[in-house]
Amino acid sequence: MRLKTILLFLSALVLALSSCEKAPEKVPLKAVIILSSESASLDFTEQTASFNVTIQNPYPGSTLEASATVTWITDVVINDDVVSYRVAENNSDFQRSGKIKLTYAGATKEFSVTQNPDPYNGHECVDLGLSVKWATCNVGASKPEDYGALYQWAGIKDVTGLSINLDWSNCPYHTGSDQYTGWTKYVLSAKSSYWSGTGSPDNKTVLDPSDDVASVAWRGTWRMPTVAEWDELLNIDNCSWTWTSINEIDGYKVQSKKSGYTDKWIFLPAAGVRLAGYHHYLGSSGYYGSSSLHTSDPGYVYSVYFKSGEFERSYNRRYYGQSVRPVSD
């Protein structure tokens with residue numbers, strides 16, 4: 001009888017214990033990252049980064065807190081369990097780093113954050129399925145149909161204005177009176193008679209970044225196209241060239257023929273060319289520079305010429321003022 005009583009008491013105790021609720025465990029804060037998979041290191045490449053913060057076994061009345069250690073992460077906004085950070089544009093050429101913290105109910109999770117520079121530095125490009133991406137507008141322009149500025153080869157100064165007389169006397173890296181002498185940069189040894197620089201000819205055939213106005217003006221990964229890249233765009237197996245107008249500005253619509261890219265196109269306005277004291281063919285012809293030297297004559301460089309019904313690779317004297325359409329790898 002005594003044993004039976006003990007067994008009944010133990011059964012009641014077990015039943016009572018099983019009906020009790022367990023105290024909630026204190027589980028560390030968990031942040032699920034929208035931009036990428038959950039990580040202790042995040043890369044920001046967009047202007048706004050958002051974090052969806054989920055709390056396991058949340059504690060009533062607890063406050064979610066968020067902070068950052070760098071000034072380029074601003075406007076921290078908390079709405080329920082979503083923390084939004086506005087990330088300022090990185091205009092430098094370098095990656096920058098810092099930390100953010102998320103805290104809830106005494107639990108803290110810290111993240112190292114890095115922001116890469118915008119490879120396009122705020123400018124737009126189009127992938128035509130070719131070896132490089134092409135900018136949507138010219139250097140000096142704000143939209144595709146704008147003419148933009150004109151530049152001499154290896155020059156980074158806008159020479160659109162007619163107050164500048166363009167000839168051999170003000171051609172970059174040139175001290176002579178004609179194309180055959182006086183060159184101090186971008187000359188091959190085979191044309192050593194053209195050379196007037198220090199030492200031997202430099203044998204440079206493509207613009208250095210410091211002489212490439214697309215690279216200097218737009219920074220990021222932008223540069224002037226090489227003649228080979230222009231040839232790729234001119235190839236009618238790769239792209240169709242259609243003379244048209246946008247907002248009453250004439251030029252060529254260049255549209256990809258590559259599979260998967262046939263809806264992609266760029267517009268090249270007919271911005272004319274500057275030489276001597278004149279701006280020729282504005283609105284009727286286009287003259288676009290490349291970064292490539294004409295190797296058989298250092299006084300000339302490869303370019304692209306077009307007018308209605310005609311588009312081709314060409315070459316012009318270095319001092320001509322031509323349009324520049326940037327590309328990016």
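In the predicted model, Lys133 stands opposite Ser328 of strand E20. The pair belongs to the contact between strand E10 (residues 133-135) and strand E20 (residues 327-328), which run antiparallel and are joined by two bridges. These two strands are part of an open sheet of four, arranged in the order E9-E10-E20-E11 with antiparallel pairing. Strand E9 (125-126) and strand E11 (222-223) take the edge positions, and each has a single partner strand, so one side of each remains without a neighbour in the sheet. As a general reminder, the strands of a sheet pair through backbone hydrogen bonds, in either the parallel or the antiparallel sense.

The wider setting of this sheet is a protein with three helices and 20 strands. Buried residues account for 40% of its 329 residues. Of the contacts between residues at least 6 apart in sequence, 53% join residues at least 24 apart.

Two loops that adjoin elements of the open sheet deserve a friendly word about their backbone. Most residues other than glycine have a negative phi. Asn203, in the loop between E10 and helix H2 (213-218), has a positive phi of about 60° although it is not a glycine. With a relative accessible area of 39%, Asn203 is partly exposed. Arg219, in the loop between H2 and E11, likewise has a positive phi, near 55°. Its relative accessibility is 32%, so Arg219 also counts as partly exposed.

A second antiparallel pairing involves E12 and E13, which are joined by eight bridges. Within this pairing, Ser245 has Asp250 of E13 as its bridge partner. The two strands form a hairpin with two residues between them, and Asn247 in the turn has a positive phi of about 50°. Strand E13 also pairs with E14, again in the antiparallel sense, over five bridges. Here Tyr252 is matched with Leu268 of E14. Strand E14 itself is mostly covered, with four of its five residues buried.

What do these strands contribute to the interior? The largest nonpolar core has 19 residues, and those touching the most other members are Trp134, Leu233, Trp241, Val254, Leu268 and Phe306. Two or more residues of this core come from each of helix H3 (227-234), strand E12 (239-246), strand E13 (249-256), strand E14 (265-269) and strand E18 (300-307). Helix H3 gives the most, with three residues. Apart from this core lies another, of 18 residues, among them Cys137, Ala154, Leu207 and Trp222.

Phe306 gives a good view of the surroundings of one member of the largest core. Beyond its neighbours within four places in sequence, Phe306 is in contact with the aromatic residues Trp241, Trp243, Tyr252, Tyr288 and Phe311. The remaining contacts of Phe306 are with Leu268, Pro269, Ala270, Ser284, Ser285 and Gly286. Tyr252 and Leu268, both in this list, are the bridge partners described above for E13 and E14.

Arg274, in strand E15 (residues 273-275), offers a picture of a charged residue in the interior. Arg274 is buried yet has no salt bridge, and the nearest side chain of opposite charge, that of Asp158, is 7.6 Å away. The side chain of Arg274 does have backbone oxygens within reach. One of them belongs to Tyr278, at 3.0 Å; another is that of Gly161, which lies 3.1 Å from a polar atom of the Arg274 side chain. Leaving aside neighbours within four places in sequence, Arg274 is in contact with Leu150, Val159, Thr160, Gly161, Leu162, Ile164, Asn165 and Leu166, and also with His279, Tyr320 and Gly321.

Tyr287, found in strand E17 (residues 285-293), is buried at 11% relative accessibility. Not counting residues up to four places away in sequence, the contacts of Tyr287 include Gly272, Val273 and Tyr281. Val304, Tyr305, Asn316, Gln322 and Ser323 are also touched by Tyr287. The C-alpha atoms of Tyr287 and Arg313 are separated by 9.9 Å, with the two residues 26 apart along the chain.

Note on methods
Residues numbered from 1 in each chain as written. Predicted model: local features only at pLDDT ≥ 70, side-chain atom pairs only at ≥ 80, totals over all residues. Heavy atoms only, no water. Core = buried A, V, L, I, M, F, W, Y, C linked by side-chain atoms within 4.5 Å. Buried < 20%, exposed > 50% of the residue type's maximum accessible area, 1.4 Å probe, protein only. Contact = heavy atoms within 4.5 Å. Pairing = 2+ DSSP bridges. Lys, Arg positive; Asp, Glu negative; His and termini not counted. Salt bridge = Lys/Arg side-chain N within 4 Å of Asp/Glu carboxyl O. Polar contact = N/O pair within 3.5 Å; in protein donor to acceptor, adjacent residues only side chain to side chain.
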